[in-house]
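Here is a short briefing to read with the model open beside you. Take it topic by topic, and look up each residue as you go.

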Amino acid sequence: MSYTLFYAPGTASLAVHWMLIELGVPFEAEAVDIKAERSAAYLALNPSGRVPTLVVDGRPVSESAALLMLLAERHPQGGFAPAVGAPERAAWMEAMVFVANTLSPAMRDWFYAEKDGDPAGAAAVQALARLRIEGAFERLDGMLADGRPYLLGEMVTTVDLLATMLMRWSRNMERPATSWSRLGPYVTRMRARPGFVAVCRREGLTEWLNA
Ligand SMILES: N[C@@H](CCC(=O)N[C@@H](CS)C(=O)NCC(=O)O)C(=O)O
C-alpha cells in the first residue's frame, strides 16, 4: 500500500494527515501552497485545486471525509470505524455524513464566502454559515450528553478526527467549539492524543494545543 498526501498546514488535509500518523502507516507528504496558483501537475491529480488529495496506490482521491472512511476500511486494525454489519455502524455513517454535509460546507462558506461567491453577498452567506456552524456544534455537544468520552462512545473514530479538525477552525470565531460545555473537555481529550500533537508539529501549527 502506498500513500502520498498533498496537504496545506491546518486545512482540510489535517484530519487525513492525523489519521495516517495515528495508523502508523508509511506515507509521503507534499505541501501545496494554496495561496499560489496550482501547478498543472496538481490540477491533474485534483481538478478543484483544493486539498487534500491522497494518492492511494497511484490513484488520486480527494474529499477529507471520504479519505478518512477509506483509510478506516483499508486499515481496520486501527479501529477508526465500526465493522461492516456491527450495530454501531449506522451511527458512524450518520455522524460522518452529518459532519461532512453540514459543518464542513458551512465552514467553507464562512472562510470562502468572498472567493466562492459574489463578495457583495458575503456577509449574508457568513451569517447563515455561522448559524449552521453553531447549530452543528450544539448537536455534537448533545452527542456527548450521556458522558461518553468520544462522539460515538468509548472508541475514537473518523468522526472525532473530522469534527476536531473542523472545531479547530472555530478558534477565532465569536463562539468557538470549546465554549460549549461538553465540547470544551472533549477537545482537550482529542488534543491530548500523541497523533494530534505530532500532526501539529509536522505542519508547524502552534495554536490550539493543550497547554
Ligand atoms: N470538502 C473538501 C473541502 C476542501 C477544501 O475546501 N480545502 C480548502 C482548504 S481547507 C482548499 O483547498 N482551499 C483552497 C482553495 O479553495 O483554493 C474536503 O473536505 O476535502
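Two residues are in contact here when they have heavy atoms within 4.5 Å of each other. With that in hand, T11 touches I34, V51, M165 and W169, leaving aside residues up to four places away in sequence. Please keep in mind that this is a predicted model.

**The whole protein**

- The protein has 8 helices and 4 strands, and from the N terminus on its elements run β-α-β-α-β-β-α-α-α-α-α-α.
- The radius of gyration of the protein is 17 Å, close to the 17 Å that the globule rule gives for 211 residues, so the protein is as compact as a globular protein of that length.
- Along its principal axes, the C-alpha trace spans about 50 × 45 × 35 Å.
- Buried residues account for 46% of the 211 residues.
- Among contacts between residues at least 6 apart in sequence, 66% join residues that are at least 24 apart.
- About 10,400 Å² of the protein is exposed, and carbon and sulfur atoms supply 54% of that area.
- If you are thinking about charge, the protein has 21 positive and 23 negative charges, and the mean positions of the two sets are 2 Å apart.

**The strands and how they pair**

- A good place to begin is β1, which is mostly covered, with 4 of its 5 residues buried.
- β1 pairs with strand β2 (residues 28–31) in the parallel sense, over 4 bridges.
- β1 is also joined to β3 by 4 bridges, and these two strands run antiparallel.
- To follow the pairing residue by residue, start at L5: L5 stands opposite A29 in β2, and its bridge partner in β3 is L54.
- From L54 you can step on to β4, where its bridge partner is V61.
- Strand β3 (residues 53–56) and strand β4 (residues 59–62) run antiparallel and are joined by 4 bridges.

**The hairpin turn**

- β3 and β4 form a hairpin with 2 residues between them.
- Which residue in this turn has a positive phi? It is D57, at about 50°, although D57 is not a glycine.
- D57 lies in the loop between β3 and β4.
- With a relative accessible area of 42%, D57 is partly exposed, since that class runs from 20% to 50%.

**Around T11 and the cis peptide bond**

- T11 sits in the loop between β1 and α1.
- Is T11 buried or exposed? T11 has a relative accessible area of 16% and is therefore buried, because the cut-off for buried is under 20%.
- V51, one of the residues that T11 touches, is followed by a cis peptide bond to P52, with omega near 10°.
- P52 itself is found in the loop between α2 (40–45) and β3.

**Helix α8 and the C-terminal segment**

- In helix α8 (residues 194–203), the buried residues are G195, F196, A198, V199, C200 and E203.
- An α-helix has 3.6 residues a turn, so residues three or four places apart point the same way.
- With that in mind, look at F196, V199, C200 and E203, which are among the buried residues of α8.
- What covers the buried residues of α8? The cover includes β1 (3–7), α1 (14–23), α6 (158–168) and α7 (183–191).
- After α8 comes G204, which has a positive phi near 70°.
- W208, in the segment after α8, has a positive phi of about 70° although it is not a glycine.
- W208 is buried, with a relative accessible area of 11%.

**The loop between α6 and α7**

- S179 is placed in the loop between α6 and α7.
- At 43% relative accessibility, S179 counts as partly exposed.
- How far apart are S179 and F137 in space? Their C-alpha atoms are 9.7 Å apart, while in sequence the two residues are 42 residues apart.

Terms used
Residues numbered from 1 in each chain as written. Predicted model: local features only at pLDDT ≥ 70, side-chain atom pairs only at ≥ 80, totals over all residues. Heavy atoms only, no water. Pairing = 2+ DSSP bridges. Rg over C-alpha atoms; globule rule 2.2 N^0.38 Å. Buried < 20%, exposed > 50% of the residue type's maximum accessible area, 1.4 Å probe, protein only. Areas by Shrake-Rupley, 256 points an atom, 1.4 Å probe, with all protein chains shown as cover. Lys, Arg positive; Asp, Glu negative; His and termini not counted. Charge placed at Lys NZ, Arg CZ, Asp CG, Glu CD.
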